[in-house]
Amino acid sequence: MNEELFPDFPLQTEVAIIGAGAAGLMAAITAARLGARVHLFDGAKKVGAKIIVSGGQRCNVTNIAVTPARFHGEGAPAFVSRILRAYSPEQTRRFFEEIGVPLKLEETGKYFPVSDSSRQVLGALLHTAHRAGAVLCSQTDVTSVELDPSTDAWKIETSRGPVFARSVILATGGLALPKSGSNGRGYNFARALGHSIISTTPALTPLFSSDVHYPLASGITMPVRLRLHAENDARSSKKLASYDGSFLFTHRGFSGPVALNLSRHFAHHRPKVTTATVFASLLPDVEEGREAQWWHEFAGRFAKKMVSTALETLFSAKLAGVIAARAGLIGSLPLGRLSKTQTDALKRELFFAPLGVFDVAPYDKAETTAGGVALAEIEPATMQSRLHKGLFFAGEVCDVDGELGGFNFQWAWSSGVVAGRAAARRCTPGSSEKFGVERADF
Ligand SMILES: Cc1cc2nc3c(=O)[nH]c(=O)nc-3n(C[C@H](O)[C@H](O)[C@H](O)COP(=O)(O)OP(=O)(O)OC[C@H]3O[C@@H](n4cnc5c(N)ncnc54)[C@H](O)[C@@H]3O)c2cc1C
């Protein structure tokens, strides 16, 4: 299907899909299998760039634990819950099996293709869309989308000429990885049609820190508990978000699953709550509230040991040095001889270390976009606009962002299917009768 079939323009079709990423391809397969005439338009020469780069080029297709709580956005959990009921992770796994991409479950709960090849995933989707009858028009930039009130058809201006369609699905992605072709133009189309766009930020992106010590630990990966608090006193201020898991020190800040998951919360809250602060517990196995008891035992056991020696029983020598330096403990001192101020500083570094995070990395480092087309203006049963009949949304363009682990693709697959079904049913004779909608007639 990637072999371009350039139809003659102006073109009339039933379902026009803008964007041939994960959501657009899934919508195309679904609508074409229901018998609709489907055209997919994408500005890129080689479509599906994000599928190719995803999951370290292995494509983390979905997750064993897809629950609505793993999705963010205004009203996202309730909305996503309906979409996942309409097309579940189980159905997704069966679909991939059916199109020749069996999946395997890894210990982390993530599903990958058995082949470990994201190219196989993209190839199978393109082949399946082609076999279902969908036509891909790549290198075809869409420049505007408007409703022609006289014919009730959608007029889509493209770099090759106009297209008229009965249904249009906006599957244009967000702003993450803009070189893939997803550069936010879909928001402009939605805005021009009267839709509200919840302000966007990069999500699943590294955190930048101004701390001078942590870069010395660059390259170290370890489990932490990361928390975002409303103020710079973690004990007394409201907790805004918290994640436990793997964490990576980098030259400019922090990465790894917990830092990526926290990024959307930091980017969301920080402009409104300028005091919002990221803290780390470097000992996440110590339950919250039991830190004092843990310290008592630790300090008792290692009272005669130098601070660095005691810390090296817990961390690598490099990280132990960074922790001691941040606590202001320079030079050798036995743990039992620390003053109260020094003890408090060390405990803070272990359990409530303020990480000096001041920003998140920009969209070209982000895996997805937080914000987008407001869910309140989309019908969850169909992914159809509440403002315009025949206008549908799917994927990252919507105000939904999932956590790391296959959740964003699951959203793209499920919302793509729901939009594809409903867009086709507006057009195809058999099903449109059931829905009381006339077939498009141009
Ligand atoms: C590095 C990286 C790794 C990732 N890994 C994973 C992973 O393993 N698992 C997971 O679940 N998620 C992962 N994601 C997130 C996932 O890739 C996205 O959530 C998903 O691809 C979004 O799909 P989409 O179809 O909504 O948008 P996109 O994939 O962005 O597709 C949108 C398409 O629309 C086209 N387009 C946009 N505007 C126009 C226009 N005006 N005219 C014509 N065409 C247009 C673009 O060219 C693009 O092809 C990763 C993301 C990145 C960046």
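How many residues of the shell around the ligand are nonpolar, how many polar and how many charged? That was my opening puzzle today. I'm working with a predicted model, so I keep that in mind throughout.

**Entry 1: the ligand shell**

I sorted the shell residues and got 12 nonpolar, 15 polar and 6 charged. Then I looked up who comes nearest. There are 33 residues around the ligand, and the nearest are Asp-42, Val-142, Ser-182, Glu-396 and Phe-409.

**Entry 2: polar contacts**

Next I went through some N and O atoms. I found a polar backbone atom of Gly-43 at 3.1 Å from a nitrogen atom of the ligand. For Arg-185 the side chain does the job: one of its N or O atoms is 3.4 Å from a ligand nitrogen. Gly-406 uses a backbone N or O atom, and its partner is an oxygen atom of the ligand, 3.5 Å away.

I also checked how covered the ligand is. On its own it would expose 1000 Å², and the protein buries 94% of that.

Which helices give two or more residues to the shell? I noted helix H1 (22-33), helix H2 (49-57), helix H6 (185-192) and helix H12 (407-425). H2 gives the most, with 4 residues.

**Entry 3: a small sheet**

I turned to the strands. Three of them make an open sheet, ordered S3-S6-S5, with antiparallel pairing. Strand S3 (62-63) and strand S5 (103-105) are the edge strands, so to speak: each pairs on one side only. A reminder to myself: strands of a sheet pair through backbone hydrogen bonds, either parallel or antiparallel.

I zoomed in on S3 and S6, which pair in the antiparallel sense over 2 bridges. As an example, I picked Asn-63 and found its bridge partner in S6, namely Lys-110.

**Entry 4: two residues with positive phi**

Asp-116 caught my eye with a phi near 60°, a positive value in a residue that isn't glycine. I traced Asp-116 to the loop between strand S6 (110-113) and helix H5 (118-132).

Met-383 has a positive phi as well, near 65°, and it isn't glycine either. Its loop runs between strand S20 (378-379) and strand S21 (384-385).

Is Met-383 buried or exposed? I'd call Met-383 buried, because its relative accessibility is 0% and the cut-off for buried is under 20%. Asp-116 counts as partly exposed, because its relative accessible area is 31%, which falls between 20% and 50%.

Terms used:
Residues are numbered from 1 along each chain as its sequence is written. This is a predicted model: local features need pLDDT of at least 70, side-chain atom pairs count only at pLDDT 80 or more; totals for chains, interfaces and linings use all residues. Side-chain values use heavy atoms; hydrogens and water are left out. Buried means under 20% relative accessible area, exposed over 50%, partly exposed in between (1.4 Å probe, protein chains only). A residue is near a molecule or strand if one of its heavy atoms lies within 4 Å of it. A polar contact is a pair of N or O atoms within 3.5 Å; within protein, one must be able to donate a hydrogen and the other to accept it, and residues adjacent in sequence count only if both atoms are side-chain atoms. Accessible areas come from the Shrake-Rupley method with a 1.4 Å probe; for residues, only the protein chains shown count as cover. Ala, Val, Leu, Ile, Met, Phe, Trp, Tyr, Cys and Pro count as nonpolar, Asp, Glu, Lys and Arg as charged, and the others, Gly among them, as polar. Two strands pair if DSSP finds at least two bridges between them.
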